[in-house]
Structure formats: C-alpha cells, structure tokens
Amino acid sequence: MTQENALRIFKSLSDMSRLRIVQSLSKGEMYTELLAERLDLTPSTVSFHMKKLEEAGIVSSRKEQYYTVYSLNKDVLDESLFSVAASEPEKVDEQQKREEEYRRKVIESFFDGGKLRSIPVQRKKKVICYEVIAEKFDIGKEYSEKELDGIISQIHEDYCTIRRDMISEGMLTRDGGIYKRIR
Amino acid sequence: MHGFLEYLIEQVKAAEEEIKKLEAEGRQDEADFCKAKRNIYEICNTVTNALWSRPEAGLKAVKAQFERFRTQWSAALDRAKASGDARNTVIEETKLAALEDVISHFAEVRS
C-alpha cells in the first residue's frame with residue numbers, strides 16, 4: 001500500500017456516516033436503497049459515500065439487475081493500522097502512470113469522434129477536456145474570436161462557455177479581441 | 001406574505017441547527033450538503049423580498065423566478081448525473097428538494 005492509498009483510506013473513514021456504512025456492510029452485502037433506509041439518508045447521499053469508500057478500496061460493487069450491491073474488501077480492512085499508517089509514498093512513475101490512465105479514461109468517456117459529448121461538471125475532468133481542445137491551437141499564434149469560435153464549435157456547440165473557461169484556466173489569453181494559446 | 005417570509009427564515013435557522021448537529025456528529029460532507037439547503041432558503045428569501053414589494057412585479061414575478069431556478073437546477077442535476085459526479089448530484093438534489101418545499105409553501109400565499 002502507498003501513502004496516497006493510506007490517505008484515501010483515512011480520509012474516507014473519518015466520517016461517521018461512512019463508518020456506519022462499513023459497520024452495516026460488516027454484516028453482509030447490501031444495496032444502496034437498503035443502506036439509505038437503514039441509515040436514514042437519501043440514496044444519492046449513500047451513493048456519494050460509497051464512491052468515496054470505493055475510491056479508497058474499502059468496498060467493491062457489482063450490478064445486480066437494477067441494483068448496485070456493495071460489499072467490504074476485507075483484505076484492505078484486515079491490514080494493521082500500523083502498516084497502513086507507515087506505508088511508503090507512491091513512486092513518481094506509478095503516480096504518473098495512474099494520472100495518464102485517468103486522463104485516458106476521461107477523454108474516452110467525454111469525446112466521441114473528436115466531438116465533446118458534454119462539458120464535464122468536475123473541474124479536473126473539465127481541464128483535461130479543455131487541454132485536448134487546446135491542442136487544436138498553436139502555442140503563441142494569434143487567433144481572432146471568429147477563428148477561435150469556429151474551431152471550438154466543431155468540437156462542441158457551447159463555444160462561448162469553453163472559450164471563457166479556457167481563459168480562466170490560463171490556457172488562452174485575450175487581448176483586444178485577439179486570442180493566443182499559452183499552454 | 002409575511003408568514004411565508006417567516007417560514008423561510010425559520011428554515012434557514014433549522015438548516016443551521018442541522019449543520020451544527022451534523023458537524024458535531026463527524027458528518028462533514030452531509031453538513032456541507034445541508035449548507036446548500038440553507039443557501040436555497042436564503043436565496044428564496046432575498047428574491048421574495050426584492051420582488052414582491054414592486055407593484056409591477058409582485059407574486060407572479062416571485063413565482064416566475066422560482067420556476068427559473070427549477071429549470072436551471074434540474075439541468076444542473078442532469079449534468080451531474082450524466083457525468084457521474086456523485087457530490088454535485090447530491091448538492092443539486094438537495095437544492096431542488098428545498099426549492100420544491102419553498103414552491104409548495106409559496107402556493108399558499110395570497111398576498
């Protein structure tokens with residue numbers, strides 16, 4: 001286990017509702033709606049907590065007809081607190097590999113044939129998608145707003161939002177109606 | 001109308017109590033979701049105060065603004081669900097639930 005994994009475990013468990021979920025799952029597998037009923041939470045709140053626990057590797061899920069069934073990953077919970085707390089930091093190349101894999105997945109799910117399906121809500125995903133769009137522009141070259149919008153509109157219809165976001169993310173600069181890609 | 005405004009203020013206070021309780025129980029994420037709920041009652045209070053007293057606007061303008069919120073936040077919820085964003089799904093659901101509560105109380109307002 002790496003230090004990054006350990007941090008995710010500690011963060012995900014430092015919440016009373018998630019501890020109660022783990023406690024409920026210790027008695028057996030359960031689906032979202034049942035956990036929601038037992039813990040007096042909305043199903044979407046349970047799904048939110050489950051995502052955190054899944055990211056930390058504490059629970060696993062599987063689809064069963066209309067339900068998502070969750071179970072505990074006992075091997076992770078059986079680790080001693082000492083071994084988790086004393087884990088080593090992730091090696092740089094492993095971290096890089098993980099980030100590249102994440103980036104690949106985001107691009108795969110948000111782009112279809114060079115078109116952006118929808119603008120992601122999460123900032124991290126949004127930045128990845130905008131970096132892909134930024135590749136359509138040469139660094140340092142000057143573009144008029146019309147040229148810029150023309151290129152972006154081939155990727156997604158909401159070119160105004162994308163243009164504004166790319167400026168606020170520091171990918172583009174605007175000076176007197178002239179745009180430049182800076183990274 | 002005063003009864004409605006009082007109800008909104010009561011909901012803000014109730015949400016604040018709930019936030020304190022959730023934080024004390026070590027449920028910070030749910031406390032953050034509750035902050036979204038509190039903000040909705042505050043926004044609706046501000047909007048109502050600003051619009052209903054204007055002779056040309058009145059109740060219809062308040063209702064129209066609530067409907068605009070409903071449209072915008074429903075779209076935001078759809079986007080959050082489509083992108084698998086669990087946190088924003090809960091936040092948008094919380095906002096819409098509070099708004100529906102406000103709209104149902106507003107329906108009883110006569111003047």
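# Reading two sheets and an interface

Trainee: In this predicted model, what makes β6(A) and strand β8 (residues 178-181) of chain A count as a pair, and in which sense do they run?

Mentor: β6(A) and β8(A) are joined by three bridges in the antiparallel sense, and because at least two bridges are required for two strands to pair, they qualify. One place to look is S144(A), which stands opposite I178(A) in β8(A).

Trainee: Which strands are the edges of the sheet that holds β6(A), and what makes them edges?

Mentor: The sheet is open and has three strands in the order β6-β8-β7 of chain A, with antiparallel pairing. β6 (142-144) and β7 (172-175) of chain A are the edge strands, since each pairs on one side only. From one strand to the next, the twist averages 35°.

Trainee: Which helix lies across β6 and β8 of chain A, and at what angle to β6(A) does it run?

Mentor: That is helix α9 (residues 145-153) of chain A, and its direction is at about 85° to that of β6(A).

Trainee: Turning to the other sheet, what is the order of strands β1, β2 and β3 of chain A?

Mentor: The order is β1-β3-β2, again in an open sheet with antiparallel pairing, and the edge strands are β1 (30-31) and β2 (59-64) of chain A, each of which pairs on one side only.

Trainee: How do you know that β2(A) and strand β3 (residues 67-72) of chain A pair?

Mentor: They share six bridges in the antiparallel sense, and because the requirement is at least two, the pairing is accepted. Among the bridge partners are S60(A) with S71(A) and E64(A) with Y67(A).

Trainee: What lies between β2(A) and β3(A)?

Mentor: The two strands form a hairpin with two residues between them, and Q65(A), in the turn, has a positive phi of about 50°.

Trainee: Which strands of this sheet does α2(A) touch?

Mentor: α2(A) packs on the sheet and touches β1, β2 and β3 of chain A, with its direction making about 85° with that of β3(A). α4(A) packs on the sheet as well, touching β2 and β3 of chain A, and its direction makes about 120° with that of β2(A).

Trainee: Which residues of helix α2 (residues 16-25) of chain A are called buried, and why?

Mentor: They are S17(A), R18(A), I21(A) and L25(A), and they are called buried because each has 20 or more other C-beta atoms within 10 Å of its own. They cover an arc of only 100° around the axis, which puts them on the same side of α2(A). An α-helix has 3.6 residues a turn, so residues three or four places apart point the same way.

Trainee: What share of chain A is buried?

Mentor: Of the 183 residues in chain A, 22% are buried.

Trainee: How many residues of chain A are in contact with chain B?

Mentor: Thirteen residues of chain A are in contact with 18 residues of chain B; contact is assigned because their C-beta atoms lie within 7 Å. α2 and α4 (43-55) of chain A each supply at least two residues of the side that touches chain B, and α4(A) gives the most, with five residues. By type, that side of chain A divides into four nonpolar, seven polar and two charged residues.

Trainee: What confidence values does the predictor give for chain B and for the complex?

Mentor: Chain B has a mean pLDDT of 91, with 95% of its residues at 70 or more, while the complex has an ipTM of 0.85 and a pTM of 0.68.

Note on methods. Residues are numbered from 1 along each chain as its sequence is written. Chains are lettered from A and ligands numbered from 1 in the order in which they are written. This is a predicted model: local features need pLDDT of at least 70, side-chain atom pairs count only at pLDDT 80 or more; totals for chains, interfaces and linings use all residues. A residue is buried if 20 or more other C-beta atoms lie within 10 Å of its own, exposed if 12 or fewer, and partly exposed in between; C-beta atoms are placed from the backbone. Helices (H or I, at least four residues) and strands (E, at least two) are DSSP runs, numbered from the N terminus. The arc is that of the directions from the helix axis to the C-beta atoms. Two residues are in contact if their C-beta atoms, placed from the backbone, lie within 7 Å. Ala, Val, Leu, Ile, Met, Phe, Trp, Tyr, Cys and Pro count as nonpolar, Asp, Glu, Lys and Arg as charged, and the others, Gly among them, as polar. Axes are lines fitted to C-alpha atoms, for helices over the stretch in contact, and angles run from 0 to 180 degrees between N-to-C directions. pLDDT is the predictor's confidence in each residue, from 0 to 100.
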